[in-house]
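Student: I would like a close look at one short helix in this model, residue by residue. After that, please set it in the context of the rest of the chain.

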Amino acid sequence: MPKNSQIVSVLVKDLREDYFNVRGETPTTLATWKTEYQNVFVKLPQKRKITEELLRELILTTTANTKQRRRFALACSVLADFAKIPHSLRRLVGQYSSTKVNPKNIPDDATIAATGLKIPNLEWRYAYGLMATYGLRNCECFLLDRSDFPVMKVGKSKRGEGRLVYPLYPEWVDLFKLHDDLLPKCTGNWNGDLGARVTRAFYRYEIPFNPYSLRHAWARRSLEFGMDLTIASEMMGHSVRVHSEIYHAWLSGDVFSRAYDKLLADPCRPVAPDMGLIV
């Protein structure tokens with residue numbers, strides 16, 4: 001039976017099998033499948049035959065130019081590709097951009113440090129310190145290789161190795177006592193479960209910003225340190241394009257000014273030509 005005449009449930013099952021055959025079954029791929037694909041496909045009528053119009057109808061139940069629209073359009077496009085159905089669904093993705101997040105929601109570094117030290121539970125203070133110091137995603141504090149501490153390896157990259165990430169500030173390694181291994185004893189079937197436990201801990205300890213704010217602050221800090229954009233994006237585990245679109249769009253004039261002052265103070269920087277030598 002050709003794929004384009006299969007019912008939705010059969011096609012999604014085949015796509016899932018192909019997805020994990022190609023990418024492997026890891027906490028990261030499980031999380032991506034559930035969030036980006038499964039949560040979309042369950043909204044399709046499972047016993048209907050797959051058609052472009054059926055997928056289009058689902059996409060159009062979402063609001064244009066939102067994260068949800070982008071997710072639905074991309075997932076349905078992948079399903080249509082897999083079914084070998086001619087379609088034009090990707091044009092419905094729209095113009096959503098995560099740069100719409102308000103930079104005013106990112107706490108300054110003094111607030112981050114003071115807030116972390118007030119967490120009464122030492123294990124969750126330790127997890128908070130890891131996220132603040134290394135710019136980790138919610139779940140990634142549970143996916144660390146500490147063998148080269150204070151440099152950390154996070155999870156596994158597409159090349160099969162954990163990505164390296166360095167502490168900013170190095171002084172926070174001592175401040176949050178990150179030499180110890182005091183992580184909360186959390187388990188989860190996928191990264192989203194671990195991330196949700198972190199979010200609940202932030203709520204429980206009345207932390208006045210969300211966990212991702214620590215990651216955003218690390219990105220801002222990387223510029224203040226003069227870190228190359230390519231290196232910073234690699235440490236954060238995303239592309240240079242994503243790094244530029246999201247984080248650099250949030251940076252205030254003060255951050256750029258401090259980065260510029262640091263460049264000028266570098267004794268190895270290029271200097272202007274001596275006009276007295278020019279005839």
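Tutor: Start with a cut-off: a residue is buried under 20% relative accessible area, exposed over 50%, and partly exposed in between. Apply this to Glu57, whose relative accessibility is 43%. That value lies between the two limits, so Glu57 counts as partly exposed. Glu57 lies in helix H3, the helix to examine here. This is a predicted model, and every value below is computed from it.

Helix H3 covers residues 52-59. Look back along the chain from Glu57 to Leu44. The two are 13 residues apart in sequence. Their C-alpha atoms are 9.5 Å apart in space.

Now take Glu52, also in helix H3. Its relative accessible area is 22%. Glu52 is therefore partly exposed, because 22% is not under the 20% limit for buried. What does Glu52 touch, once residues up to four places away in sequence are set aside? The list is a run of neighbours: Ile85, Pro86, His87, Ser88 and Leu89. Pro86 also gives a backbone distance. It is 34 residues from Glu52 along the chain, yet the C-alpha atoms of the pair are separated by 7.6 Å.

Follow the chain out of helix H3. The loop between H3 and H4 holds Asn65. Its phi is near 60°, a positive value in a residue other than glycine. Asn65 has 36% relative accessibility and so counts as partly exposed.

Next comes helix H4, residues 67-83. It packs against helix H2, residues 27-41. Their axes are 9 Å apart and meet at an angle of about 80°. H2 and H4 are therefore roughly perpendicular to each other. From H2, the contact uses Thr35, Glu36, Tyr37, Val40 and Phe41. From H4, it uses Arg71, Phe72, Ala75, Cys76, Val78 and Leu79. By class, these residues are eight nonpolar, one polar and two charged.

Step back to the whole protein. It has twelve helices and three strands. Of its 279 residues, 39% are buried. Contacts with a separation of 6 or more are 65% from residues 24 or more positions apart.

The strands make one open sheet, ordered S1-S2-S3, with antiparallel pairing. At its edges are S1 (144-145) and S3 (163-165), each of which pairs on one side only. Strand S2 spans residues 152-154. S2 and S3 pair over three bridges in the antiparallel sense. One residue pair to check is Lys153, whose bridge partner in S3 is Leu164.

Two cis peptide bonds belong to loops around these strands. The bond from Phe149 to Pro150 is cis, with omega near 10°. Pro150 sits in the loop between S1 and S2. The bond from Leu168 to Tyr169 is also cis, with omega near 5°. Tyr169 lies in the loop between S3 and helix H7 (171-175).

Leu168 comes up again further along the chain, in the contacts of Met227. Met227 is placed in the loop between H9 and helix H10 (229-236). Beyond its neighbours within four places in sequence, Met227 is in contact with Leu168, Trp218, Ser222, Ala232 and Met235. Met227 and Ala259 are 32 residues apart in sequence, and their C-alpha atoms are 9.8 Å apart.

Set Glu206 beside Asn65. Phi of Glu206 is near 55°, again positive in a residue other than glycine. Glu206 is found in the loop between helix H8 (191-204) and helix H9 (212-224). With a relative accessible area of 70%, Glu206 is exposed, whereas Asn65 is partly exposed.

Finish with confidence. The mean pLDDT of the protein is 85, and 89% of its residues reach 70 or more. Among the elements, helix H6 (residues 122-134) has the highest mean, 96. Helix H11 (residues 240-246) has the lowest, 76. Where pLDDT is low, predicted coordinates should not be read in detail.

Notes. Residues numbered from 1 in each chain as written. Predicted model: local features only at pLDDT ≥ 70, side-chain atom pairs only at ≥ 80, totals over all residues. Heavy atoms only, no water. Pairing = 2+ DSSP bridges. Helix = DSSP H or I, 4+ residues; strand = E, 2+ residues; numbered from the N terminus. pLDDT = per-residue confidence, 0-100. Axes fitted to C-alpha atoms, helices over the stretch in contact; angles between N-to-C directions. Parallel < 35°, antiparallel > 145°, perpendicular 65-115°, else oblique. Contact = heavy atoms within 4.5 Å. Nonpolar A, V, L, I, M, F, W, Y, C, P; charged D, E, K, R; others polar. Buried < 20%, exposed > 50% of the residue type's maximum accessible area, 1.4 Å probe, protein only.
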